[in-house]
Amino acid sequence: MLTLSRPSRLRAGAVATAIITAMAVMGSSVSALAVDGEPLPETAVEVVESTVDLDASADAFGAPVEPTAEIDAAQVEPTPVAEPVADAITAVPMVSVSKTDGLVDGETVTVSGENFSPVAPSTNGTRPPLAGQFGGVYVVFGSYAETWKPSEGASSASRKAAPGQTRWVVNPENLVQIGGSAAGAVAIESDGSFEVQLTVTEEFTGMLENGNLGIFTFSGSGAVYAPFETETFVSFAEPAPTVSVSKTDGLVDGETVTVSGENFSPVAPSTNGTRPPLAGQFGGVYVVFGSYAETWKPSEGATSAARKAAPAQTRWVVNPANVAQLGGSAAGAVAIEEDGSFEVELTVTDDFEGMLENGNLGIYTFSGSGAVYAPFETETFLRFAGPVDSTVTLTADPAAFLVGASTTLSAIVQPAVEGSVEFFDGERSLGVVGVDRETGVATLTYADAPQGPRSLRAVFTPADLDVATGAEGAVIVTVSAPIVMAPTSSGSLRWGVKQSFRTYVTGPIAQGTIGVAGAGSDGAIVVFPQSSPAAATDVVQYGGSVRYLGHNGALDVTIASPTVRLVSNTRADLVATVNGSRVTLATLALATGARSVLPDGAVRYAGVAATLTAAGAPAFSFGGTAFYPAGTALDPVTFTIGAPSSAGGGTRIVGAFTGSSIPTAPPATTGAELIAADAGALEPGQRITLTAAGFAPGESDIAVVAYSDPIVLSESVTADADGVATWTGTLPADLIGVHTLTMQGSVDRGIVVTIRELAQSVSLTGACVIQDARLQWGFKEAFRAYVSGSIANGEWQVFDGAEYETPSFAFAGDGALDSSTGEGELVFSGGIRFTGHGGILDTSVSNPRVIVLDADTAQLVLDVVGTTQEGVAVEAEGVVFADLDLSAAARSADDGLLTIEGALATLTATGAEAFGTYPAGEPLDPVTITGSLADDCGEVVIAEPEAGEVAPSEGGIPLWVWGIIIALLLAVIALTVALVRRRAAAE
């Protein structure tokens, strides 16, 4: 027996080829081979014998071999070789599957493997993550071509795995390295056995058109080892005929239902008719609404007396060619679709002539024209509703109001059926209103309620008593007497209207004025005098006006004669004349203010919250664009209901743009500095300190202005005795991107800064921990092609634990999600460095974070450092790089595994600015996220899956390995010649 120690990185087939070639040169028996002192398995010998020419004048690749010396085979007496014992033969890897035939779509099977122990180096991986060690075994349910095995040279295109149905069986110590169970990793037993579960489906995205469905195994991590390549084909059961009915419960007499059938294709000869008119051909399917006995099926021997159809409620579903033969649709004939489906409509009744006394009302199907075929016999029972019990909920808004005011009564009828509601105050009818069939609501305005507590009722009467019962609802309202007083204190309404609107009008954009007429002022507050009599009650009028002028008169808003209309004890309306039209400008929440009564009976409400109405929103607009939507909080209102008063005086200006020398473009971009802050990574709203030198000693009124559009941050900075000006303040919350901060006075100084978009914060209440998370992302396929192409002539590298396997980069991490809202954050480590253009392009993106804002939306946050392809330096941390659309992804959270596959990624404005290659809105490669859910997680907010994973790709043997194999073959031949010579000399 010739024994050869197994060299590293040499496939078993190559070892066998080398040995057999050497034995052929010696003229020895092929059966006497051994590796590492163990007999070579017969299967390996068979493979080599079928593929290698054993001619002594050629090596294993068919190339001529020049022996170092001539060998006279006749002079060499072969050494007797003992037959290897059976126990020394390596056991053949075997796979068994719990079920392979008659499978149901979505069924789970158990796959058991034996004798898959490592056979180093043949089963060692040739690429990360398991290069140089046992590469494990891929166990896959998928669609594979006839020729699919890596050992036969088949590419990965011949192997298509079903989404999520790949397991990677590896040594236990490698589980965490390749992502744990979240990545489909399974530990192999010490005896080379394993057991995994896979879910089988008849069809999945990407399956091969002519592929074979089955369970397949082969070596992992790039290893190629023929004994690990097994196939176990599976087959699925024919789908059973099924029927669905659009409505089966709570039916109303005479209602029409839709009956849909599937999988009713002909099964000759079982479904062939036995009597005319369709004898000897597909007899079709009867679809019937009727009253049937408990035992009614023809396959159970039941006669037609057990089946009573409602008049004209039978349809005969047949081949399209037979529809006319049976009398067409007038006779109830319906064509069946090619896929065995149909759809018919039937009218159901709870009583018809001839119905069985103890029969079951339902939709029934069975074979037509005398055929008897049990799978076509289906029953769907129906239930009819008696009159449903109605309920009425009555509300009043407001529930407390003054005499002379009104309330809106709303009666909500459930369920929403046709009918009417009569409203009552005690026994007095207030009116009858029809019920809205969509919402079940009937409303009525009650405007003449007497003083005191009132018991109001709403009585519902259905249009059809067979459909619903009548019902009644009630509510108590309080009607108060009007306020009666005779105060002497002056009444007034004090209101600043809207602070931000005032600032805009008198600011550098509108450059306008604020004037009052017939009203007083207290700084920015307009004081409108009371104009109604002292006996005013629920409606109090005030005089005077305020006018806002800006944009050289293009903006012109006058608010005059405000009136407070008390609606209830807690609510009032603020009505005013706006540019000549009377509108309800705001609603006043009286309960938010402080109410007090003066000694003379005057009533004062202070600090009442005011909310802009839809009618009032157009008042605050310019160029047809409203500044504030309805519901915006206006300045609080303070009003006193007292005696009439007069503001005195005529028209006067109470606020105006004072002018500014601020230029529209930054006068300087250098000379200023940030103290303890990074000019390339500021955040909106961040507090900063800006300093610059060169001003006059003690110089005052130095302006701090932010550009692009000039925003004055301060106009009152004073330089110190050395002419150094320092300002500490907060950046505007809406300032994002590249801007210039300037200090302007006797000299101008500036600094260019980048203000990055803040990642949104999320709530982690009820957080669900995500372990072993993995982010897979190709970044952007076009950019990878550009970097590695002839223009950039560059490359990319991964670092800090990131991985790359065409076409995706992978990052490991963990995080947490809120199990009820889907909010959360996943943090990953690692990065990618892109280089090109001879070093001009050198940009790294790293430390990805995925911030999940809700079930459909997320942000991808990255650190970006280096120089762009334009040579621009960038160093920005926490850049909101991409918006992720999770709604377009295939998502699941089943069996403790979170999967978000194919989330669409779009470059953000801050991402575009930091990366410098593509504009905002540019599509990036989709993102896939997987992770293991902690055991204590609740039901995670996530959509159902639509697609899945892709099986691991395979690669060929590198050229350097082939070089080692060829060199080894030559060494084996030389060693064999030397051994023969030595043995001959010894004899």
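**Asking why: rings, strands and buried residues**

The structure holds 44 aromatic pairs. Keep in mind that this is a predicted model.

User: Why is the pair of phenylalanine 501 and phenylalanine 627 called tilted?

Analyst: Start with the general idea: a pair of aromatic rings is described by the distance of the centres and the angle of the planes. Here the centres are 6.0 Å apart, and the cut-off for a pair is 6.5 Å. The planes stand at 50°. Stacked needs under 30 degrees and edge-to-face needs over 60, so this pair is tilted.

User: What makes that pair a tie between parts of the chain?

Analyst: Look at where each ring lives. Phenylalanine 501 is in helix α3 (residues 499-505), while phenylalanine 627 is in the loop between β40 (625-626) and β41 (633-641). Those parts are 126 residues apart in sequence, so the pair ties them together.

User: Why does phenylalanine 501 count as buried?

Analyst: Its relative accessible area is 1%. Buried means under 20%, so phenylalanine 501 is buried.

User: And is phenylalanine 627 buried, exposed or partly exposed?

Analyst: Phenylalanine 627 has 29% relative accessibility. Buried would need under 20%, and exposed would need over 50%. That makes phenylalanine 627 partly exposed.

User: Why is the pair of tryptophan 796 and phenylalanine 809 called edge-to-face?

Analyst: Check the distance, then the angle. The centres are 6.2 Å apart, and a pair needs them within 6.5 Å. The planes stand at 75°, and over 60 counts as edge-to-face, so that is the name for this pair. Tryptophan 796 sits in strand β51 (residues 795-799) and phenylalanine 809 in strand β53 (residues 808-818), 13 residues apart.

User: How do you know whether tryptophan 796 and phenylalanine 809 are buried or partly exposed?

Analyst: Use the 20% cut-off again. Tryptophan 796 comes in at 21%, so it is partly exposed. Phenylalanine 809 is at 0%, so it counts as buried. Both rings also belong to one aromatic cluster, formed by Trp777, Phe779, Phe783, Trp796, Tyr804, Phe809, Phe834, Phe881 and Phe915.

User: Phe783 is in that cluster. Which residues in helix α4 are buried?

Analyst: Phe783, Arg784 and Val787 are buried in α4 (residues 781-788).

User: How do you know that they are on the same side of α4?

Analyst: It's down to the arc. They cover an arc of only 100° around the axis, which puts them on the same side of α4.

User: What makes arginine 159 a charge over a ring?

Analyst: Arginine 159 lies over the face of phenylalanine 218, at 5.2 Å from the ring centre. The distance cut-off is 6 Å, and 5.2 Å is within 6 Å. Arginine 307 lies over the face of phenylalanine 366, at 5.1 Å from the ring centre.

User: Back to buried residues. Why does phenylalanine 528 count as buried?

Analyst: Phenylalanine 528 has 1% relative accessibility, and under 20% means buried, so phenylalanine 528 counts as buried. Phenylalanine 528 is in strand β31 (residues 525-529). Its contacts include Ser492, Tyr542, Ile559 and Pro562. Proline 562 is 34 residues away in sequence, yet 7.7 Å away in space, C-alpha to C-alpha.

User: Now the strands. Why are β43 and β47 said to stand at the edges of their sheet?

Analyst: Three strands form an open sheet in the order β43-β44-β47, with antiparallel pairing. β43 (672-674) and β47 (725-730) each have a single partner strand, so one side of each is left without a neighbour in the sheet. The twist averages 25° from one strand to the next.

User: How do you know that β43 and β44 pair?

Analyst: Count the bridges. Three bridges join β43 to β44 (residues 687-692), and the strands run antiparallel. Pairing needs at least two bridges, so they pair. Leucine 674 stands opposite leucine 690 in β44.

User: What makes β48 mostly covered?

Analyst: Seven of the eight residues in strand β48 (residues 737-744) are buried. β48 pairs with β45 (residues 702-707) over five bridges, in the antiparallel sense, and tyrosine 707 stands opposite threonine 740 there. Eight bridges join β48 to β49 (residues 748-755), again antiparallel. A hairpin joins β48 to β49 through three residues.

Methods. Residues numbered from 1 in each chain as written. Predicted model: local features only at pLDDT ≥ 70, side-chain atom pairs only at ≥ 80, totals over all residues. Heavy atoms only, no water. Helix = DSSP H or I, 4+ residues; strand = E, 2+ residues; numbered from the N terminus. Axes fitted to C-alpha atoms, helices over the stretch in contact; angles between N-to-C directions. Buried < 20%, exposed > 50% of the residue type's maximum accessible area, 1.4 Å probe, protein only. Contact = heavy atoms within 4.5 Å. Arc of directions from axis to C-beta. Lys NZ or Arg CZ within 6 Å of the ring centre and 35° of its normal. Lists of a residue's contacts leave out its neighbours within four places in sequence.
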